[in-house]
Every structure is written in structure tokens, then in C-alpha cells.
Amino acid sequence: MRIPPPPGRALKEPGAAGEGREGRLTRDAVLAAALEIIDGEGAEALSMRRLARALGRDPMTLYRHAPNKAALLDAVAETVLARLDVERGDPDWAGQLRALARSYRRIALAHPHLVPLLVTRPLATPLALRPRGTLRPLEAVLALLTRAGFSAADALHVYRALFGFLHGHVLNELQELVENPEESDDLLRLGLHRLPIGEFPLLRALAPVLAAYDGAGELERGLDILLAGLAATLGRDAAAGR
């Protein structure tokens with residue numbers, strides 16, 4: 001089932017109570033309003049002028065907080081990623097990674113229009129030039145895993161594997177579509193009856209499984225596989241004296 005974007009809260013227009021030209025405009029207020037616009041209308045709808053209108057301010061006042069839209073998007077991504085928490089000293093590193101994955105999924109489902117920014121935008125910027133807030137989850141995971149016994153290089157591989165899986169999972173979950181939701185037959189609901197049975201017998205046979213898609217369950221099954229493999233790798237390396 002496709003998970004619809006959450007409806008954006010009504011943004012205050014110029015002159016609305018509490019958002020007039022009086023009072024100090026904070027960075028937190030600017031970023032919160034920007035996130036509301038993204039949630040309700042998508043990142044494409046965000047502009048300095050649109051944001052200023054929502055806040056009831058002159059657009060020029062916003063440039064004290066962000067020089068352009070690109071910087072604004074980066075700051076919003078930083079704010080959202082700051083919600084990810086890793087207890088670096090926890091000896092249960094697998095439990096921490098599982099909790100991190102669940103938190104990331106919750107953020108993605110709460111802000112689906114933001115997911116493309118979280119997944120693709122950092123890749124367009126060299127690592128050292130990315131906003132520092134977007135690098136803190138990486139640093140936290142590296143600290144967690146190296147304290148657990150992974151080498152620094154292996155910890156980086158683990159981070160890449162985890163977030164590669166997470167990005168793929170949330171993008172897939174947000175794009176789950178049902179062609180004919182009123183149909184009772186799974187093959188018809190998903191439109192798989194359109195596929196020639198001679199070419200796609202296995203895919204057609206999976207119609208009941210595909211129709212019963214459970215994003216939370218799929219995440220846990222994927223994490224089971226990933227974390228079990230990582231635990232086995234760490235055990236092998238420890239036995240080998242690495």
C-alpha cells in the first residue's frame with residue numbers, strides 16, 4: 001500500500017497572529033516553516049519568497065538565516081537527521097543499529113517529501129563539504145562500532161551497508177502502489193494479471209505476498225539478515241586475531 005504524505009499543517013499567511021513583522025525571527029522558526037512547506041507541497045514548492053509569505057516577513061529577512069534555497073534544504077535535512085540518536089557506549093551495537101534503522105524509517109514516513117533530499121542530496125557534495133549535521137550519524141555509528149571491536153574501515157563498510165539498505169527500503173516502501181484497491185483478488189489488485197504468465201510465473205505467484213506488504217516487517221527481516229551477517233563477520237575476525 002502506498003503511504004500518503006502527511007497533510008501539511010496550515011501555514012500562517014502574512015499578518016497572522018504571532019507571525020507578523022514584530023519580534024525576532026529565529027532560525028528554528030524558519031526551518032520549521034520550511035519543513036512544513038516541504039511536507040505539504042514538496043521541496044519544489046519551497047522558495048525564499050514562499051517561505052517569507054508563510055512567515056509573514058519580507059524575503060530579505062530570511063537571508064540572515066540561509067543565503068539561498070540550497071542552504072535552506074541542507075539546514076532542513078540537518079534538523080531532521082538530528083533526531084537520530086546513537087548511544088555510542090552501548091555494548092549492544094546490533095541493538096543500537098536496529099533502533100537507528102527504525103528511527104530513520106519513522107522519519108521517512110513522517111516526511112516522505114524529504115526522503116529524496118536525505119538520500120540523494122548529500123551525494124552531490126564532497127564528504128568534507130557536507131553540512132556537519134548530516135555527518136554526525138556517520139561519526140556516531142563509527143564510534144559505536146569501533147568500540148564494539150570493528151576496525152575503522154570495517155565500521156565504515158557497516159555504515160554504508162546499513163544506510164544503503166535503509167535508503168532502498170524507505171524508497172521502496174513509499175512507492176508501494178496498488179492498481180485496483182477495490183479488487184478482492186490479489187492478482188487483480190496489483191495488476192499482475194497483465195503480465196504474461198509464461199514470462200513471469202514466479203512473480204505472478206507471489207501476488208498474495210506482494211499484496212500483504214508490511215513495511216515494518218520487511219525492515220525487521222532485512223535487519224535480521226544484515227545484522228546476523230555482521231555479527232558473524234565480527235566473530236570470525238575476533239577468532240582470527242584481527
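Visitor: What share of the protein chain's contacts with a separation of 6 or more comes from residues 24 or more positions apart?
Guide: The model is predicted: local features need pLDDT of at least 70, side-chain atom pairs count only at pLDDT 80 or more, and totals for chains, interfaces and linings use all residues. Residues are numbered from 1 along each chain as its sequence is written, and side-chain values use heavy atoms, with hydrogens and water left out. A contact is a pair of heavy atoms within 4.5 Å. For residues 24 or more positions apart, the share is 68%.

Visitor: How many helices and strands does the protein chain have?
Guide: Both are DSSP runs numbered from the N terminus: helices are H or I of at least four residues, strands E of at least two. Every element in the sequence pattern is α. The count is 12 helices and 0 strands.

Visitor: What percentage of the 242 residues is buried?
Guide: Buried means under 20% relative accessible area, exposed over 50%, and partly exposed in between, with a 1.4 Å probe and protein chains only. The buried part of the protein chain is 39%.

Visitor: At what angle do helix 5 and helix 8 pack?
Guide: Axes are lines fitted to C-alpha atoms over the stretch in contact, and angles run from 0 to 180 degrees between N-to-C directions. Helix 5 spans residues 93-110 and helix 8 residues 152-174. Their axes are 10 Å apart, at an angle of about 35 degrees.

Visitor: How do the residues in the contact of helix 5 with helix 8 divide?
Guide: Helix 5 contributes residues including L97, Y104 and R105, and helix 8 residues including F163, H167 and E173. Ala, Val, Leu, Ile, Met, Phe, Trp, Tyr, Cys and Pro count as nonpolar, Asp, Glu, Lys and Arg as charged, and the others, Gly among them, as polar. The division is 12 nonpolar, 2 polar and 2 charged.

Visitor: Is D85 buried or exposed?
Guide: D85 sits in the loop between helix 4 (69-81) and helix 5. Its C-alpha atom is 9.9 Å from that of Y104, 19 residues apart along the chain. Because its relative accessibility is 51%, D85 counts as exposed.

Visitor: How far apart are the end C-alpha atoms of residues 47-66?
Guide: An unreviewed UniProt entry places the feature "DNA-binding region" here; such annotations may be inferred rather than shown by experiment, and positions follow the numbering used here, with feature names shortened. The span is 60% helix and 0% strand. The end C-alpha atoms lie apart by 11 Å.

Visitor: Is P67 buried or exposed?
Guide: P67 lies in the loop between helix 3 (59-62) and helix 4. The C-alpha atoms of P67 and M48 are 9.5 Å apart. With 57% relative accessibility, P67 counts as exposed.
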